[in-house]
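Biologist: I should like to go through this model with you and ask, for each term, what justifies it. May I begin once the structure is before us?

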Amino acid sequence: MGERTVIVTGATGFLGRQVVKAFNLKGWNVEGTGFTRADRSSILKVDLANASEVEKVLNEHNPQVVVHCAANRFPDKVDADPSGTRALNVDATRSLAKLCAARGVLLIYISTDYVFPGRPGDAPHETDAATGPTNLYGLTKLEGERAVLDEFGAAGRQGRGVVLRVPVLYGPAESNAESAVNVLMDVVLGVQGGGARVKMDHWALRYPTNTDDVARVCHDVAARYLEASSSDCASLPRVLQFSSEDRYTKYEMCQLFGEIMGLNIDKIEPNTQGNDPGASVQRPFDCKLSTRALRELGIDVSTQDFVGWWRREVRAFRK
Ligand SMILES: NC(=O)c1ccc[n+]([C@@H]2O[C@H](COP(=O)([O-])OP(=O)(O)OC[C@H]3O[C@@H](n4cnc5c(N)ncnc54)[C@H](OP(=O)(O)O)[C@@H]3O)[C@@H](O)[C@H]2O)c1
């Protein structure tokens, strides 16, 4: 097998950094792209909103695979800048997909469990379950999915554009604020001593999944889809989902972090309030993703143990 090249967008981000490592580990040539945090030596600076910059990078590096991690995914930033978010999450995704489809480059688009409404009784969600995002972030990610599938369909390259949905992520972080899970460590630390009381959701079910596991799955999907011929590829699934089986509410994660760090969490109050039935926007209760499509492809969906990972992390931090 000749040398293989992958371009990872969002390589300065929480997931992208681990995706770069996973492909490196398997001996691929890896080119990571970032934007504000790109150092221009190890990470290329590419504004994905600028199609000619993207085209130049594809021409220069001629990848077999692009893993598209870049997105605006912080709900407050999404709501504060809906047009900027749509420009990145949807329009830039479409233009990247068009360029990849024209070249026959395999594109793996990272999406989210928030494409589902997560109503009680709906879980687990198969890949073809009815979508219905409850917030703008989920909506733009769903539109990004459709853009990828449309562009590859229009180019007659079905099966070379693949969506990989994942749930809330945790893992090695530059700062805990990078992850909706890691940040709960800061919440537990923040209520110590004179820290104020906080309310924590104890209703919605979450499936925290490690970025290293997602990165490994991205590699395995790339390898599996590349090994299929163009005709076989068209029959491969276009939407895949990966998730840990570890299930926690955010309050339960705080309980666990308190236990691991030997800290009291009495000042964290569990909030069991679900959706107000009269509210126009309902929050997802359980967006559990079925991993069936990945398993049927023979891809390993095992994950590291959430409790074990955090025990090791805290121990390493204390050394
Ligand atoms: N984190 C989660 O819990 C989670 C859960 C489900 C799905 N996802 C999905 O997973 C993917 C990765 O998320 P993440 O947590 O790694 O996000 P992240 O840490 O916020 O990283 C976002 C990346 O996008 C890049 N970026 C932003 N604007 C750009 C632009 N105009 N041009 C080029 N690059 C740009 C950023 O580059 P700079 O920082 O250098 O500007 C950064 O590398 C996203 O698609 C997200 O929707 C994440």
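Biologist: What makes β1 mostly covered?

Modeller: In this predicted model, four of the five residues of β1 are buried. A residue is called buried if 20 or more other C-beta atoms lie within 10 Å of its own. Four of the five residues of β1 count as buried, and the strand is therefore described as mostly covered.

Biologist: Why is β2 said to be largely enclosed by the rest of the structure?

Modeller: The strand β2 comprises residues 29-34, and five of its six residues are buried, so the rest of the structure largely encloses it.

Biologist: How do you know that β1 and β2 pair, and in which sense do they run?

Modeller: Two strands pair if at least two bridges are found between them. Between β1, residues 5-9, and β2 there are five bridges, in the parallel sense. The requirement of at least two bridges is met with five, and therefore β1 and β2 are called paired. As particular partners, T5 is matched with N29 in β2, and T9 stands opposite T33.

Biologist: What path does the chain take from β1 to β2, and is the crossover right-handed or left-handed?

Modeller: From β1 the chain passes through helix α1, residues 16-25, and then reaches β2. This β-α-β crossover is right-handed. The term applies because, with the strands pointing away from the viewer, the path from the first strand over the helix to the second runs clockwise.

Biologist: Which strand is joined to β2 by three bridges?

Modeller: That strand is β3, residues 43-45, and the two run parallel. Here T33 has L44 as its bridge partner.

Biologist: How many bridges are there between β1 and β4?

Modeller: There are four bridges between β1 and β4, residues 65-68, and the pairing is parallel. In β4, the residue opposite T9 is H68.

Biologist: Why does F14 count as buried?

Modeller: F14 has 21 C-beta neighbours inside 10 Å. The limit for a buried residue is 20 or more, so F14 counts as buried. It belongs to the loop between β1 and α1.

Biologist: Why do R40 and N62 count as exposed?

Modeller: A residue is exposed if it has 12 or fewer such neighbours. R40 has 8 and therefore counts as exposed. N62 has 12 and is therefore exposed as well. R40 is placed in the loop between β2 and β3, while N62 is in the loop between α2 and β4.

Biologist: What makes the backbone of R40 and N62 worth noting?

Modeller: Most residues other than glycine have a negative phi. Phi of R40, however, is positive, near 70°, and that of N62 is positive too, about 45°. Neither R40 nor N62 is a glycine.

Biologist: Is the peptide bond from A123 to P124 cis or trans, and how do you know?

Modeller: Its omega is near 0°, and the bond is cis. Most peptide bonds are trans. P124 is found in the loop between β5 and α5.

Biologist: Why is V198 called partly exposed?

Modeller: The term covers counts between the limit for exposed, 12 or fewer, and that for buried, 20 or more. V198 has 15 C-beta neighbours inside 10 Å, so it counts as partly exposed. V198 lies in strand β8. Its C-alpha is 6.4 Å from that of K267, although the two are 69 residues apart in sequence.

Biologist: How do you know that the ligand lies between domain 1 and domain 2?

Modeller: Both domains give residues to the shell around the ligand, so the ligand lies between them. There are 29 residues surrounding it, and the closest are G10, G13, G34, F35 and R37. By kind, the shell holds 16 nonpolar, eight polar and five charged residues.

Biologist: How does the radius of gyration of the protein chain stand against that of a compact globule?

Modeller: For 319 residues, a compact globule would have a radius of gyration near 20 Å; the protein chain has 20 Å, so the values agree. The C-alpha trace spans about 55 × 50 × 40 Å along its principal axes, and 45% of the 319 residues count as buried. The secondary structure of the chain comprises 11 helices and 11 strands.

Conventions. Residues are numbered from 1 along each chain as its sequence is written. This is a predicted model: local features need pLDDT of at least 70, side-chain atom pairs count only at pLDDT 80 or more; totals for chains, interfaces and linings use all residues. A residue is near a molecule or strand if its C-beta atom, placed from the backbone, lies within 6 Å of it. Ala, Val, Leu, Ile, Met, Phe, Trp, Tyr, Cys and Pro count as nonpolar, Asp, Glu, Lys and Arg as charged, and the others, Gly among them, as polar. Domain bounds come from an automatic or database domain assignment. The radius of gyration is taken over C-alpha atoms; the globule rule is 2.2 Å times the number of residues to the power 0.38.
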